[in-house]
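Biologist: Please choose a single part of this model and take me through it closely, and then tell me about any empty space that a probe would find.

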Amino acid sequence: MRIGRLLAAAMLTLGCTGVTLVASASPALADGCYTWSGTLSQGSSGEAVRQLQIRVAGYPGSGAVLTIDGAFGPATKAAVQRFQSAYGLTADGVAGPATFSKIYALQDDDCTPVNFAYAELNNCNSTWAGGNVSAATAKANALVTMWKLQALRHALGDQPIRVTSGFRSAACNNAVGGASSSRHLYGDAADLGAGPHSLCTLAQAARNHGFAGILGPGYPDHNDHTHVDGRPSRFWSAPNCGVASLTGSLDPLGDN
């Protein structure tokens, strides 16, 4: 799925002395996914900006969530700058060839980041149907979640992050005892298991990568995983990890 990242044109020239191979490299293209042209900066708008926002959704800043609306405003510029800084690029907030080349290197043909796949975010069914939103919306929400997880993974030293649960249909959610309003029904939630990183490390770091919902150790039924999601308003509760919402309000969704 990663073919096409770097296209090369080759020409064979036959002569009396033998064969000469001449190769020239052309700029990297998105491998079957999405290709940007030109540059994007504050004031730009449209589908190209929306596609960019999906890829930098994990860089909104501590406690923030980047709105994916196709409008390149100050928040998008700041997210692009953080993305650029994270990968050693010039952090000017302008998305141009260097920024797009890095994104191309980080994504597969289906637009998912290279370290995550749709199958990881859906072990319920193959159609993404049966949740609280349309199948297309659930799958789109999962894509944004994966890019946030990619940012989290990079921030934690590019070590693997283990996803134990993602999208659920109502039937799948009932089977595992999930709450009736669980964000898993919307496709924008992921449960993370311990691995190279502790559950608390995951919960603490997730605060910087665009997750409105974070539930972890110390929150009821979350001592064996850290839950992250894209709910409409922020609620963080992982008391054993020192993670709490500023408001201290009760969880309106009761996720499991």
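Modeller: A strand here is a DSSP run of at least two residues labelled E, and strands are numbered from the N terminus. In this predicted model, strand E6 covers residues 226-229, and His 227 has its place there. His 227 counts as buried because its relative accessibility is 0%, where buried means under 20%. The side chain of His 227 has polar partners: a contact of 2.9 Å joins it to the side chain of Asp 191, and another, of 2.7 Å, links it with the side chain of Asp 229.

As for empty space, the largest pocket has a volume of about 390 Å³. Its lining counts 17 residues, and those closest to its centre are Ile 68, Asn 141, Val 144, Lys 148 and Gly 230. Helix H1 (47-55) and helix H4 (135-155) each contribute at least two residues to this lining, with H4 giving the most, six residues. By class, the lining of the largest pocket holds eight nonpolar, five polar and four charged residues.

Searching the whole structure also turns up two cavities of 30 Å³ or more. The largest cavity encloses about 40 Å³, and its lining includes Arg 55, Tyr 59 and Trp 147; H4 again provides the largest share, here three residues, and the classes are six nonpolar, one polar and one charged. The second largest cavity holds about 30 Å³ of space, and among the residues lining it are Pro 160, Arg 162, His 197 and Leu 202, within a lining of five nonpolar, three polar and one charged residues.

Key:
Residues are numbered from 1 along each chain as its sequence is written. This is a predicted model: local features need pLDDT of at least 70, side-chain atom pairs count only at pLDDT 80 or more; totals for chains, interfaces and linings use all residues. Side-chain values use heavy atoms; hydrogens and water are left out. Helices (H or I, at least four residues) and strands (E, at least two) are DSSP runs, numbered from the N terminus. Buried means under 20% relative accessible area, exposed over 50%, partly exposed in between (1.4 Å probe, protein chains only). A polar contact is a pair of N or O atoms within 3.5 Å; within protein, one must be able to donate a hydrogen and the other to accept it, and residues adjacent in sequence count only if both atoms are side-chain atoms. On a 1 Å grid over the protein atoms alone, a cavity is a set of points where a 1.4 Å probe fits but cannot get out, and a pocket is an open set with protein on both sides within 12 Å along at least five of seven lines; lining residues have an atom within 4 Å of a point. Grid points are joined across faces, edges and corners, and a volume is the space filled by probe spheres set on the points. Ala, Val, Leu, Ile, Met, Phe, Trp, Tyr, Cys and Pro count as nonpolar, Asp, Glu, Lys and Arg as charged, and the others, Gly among them, as polar.
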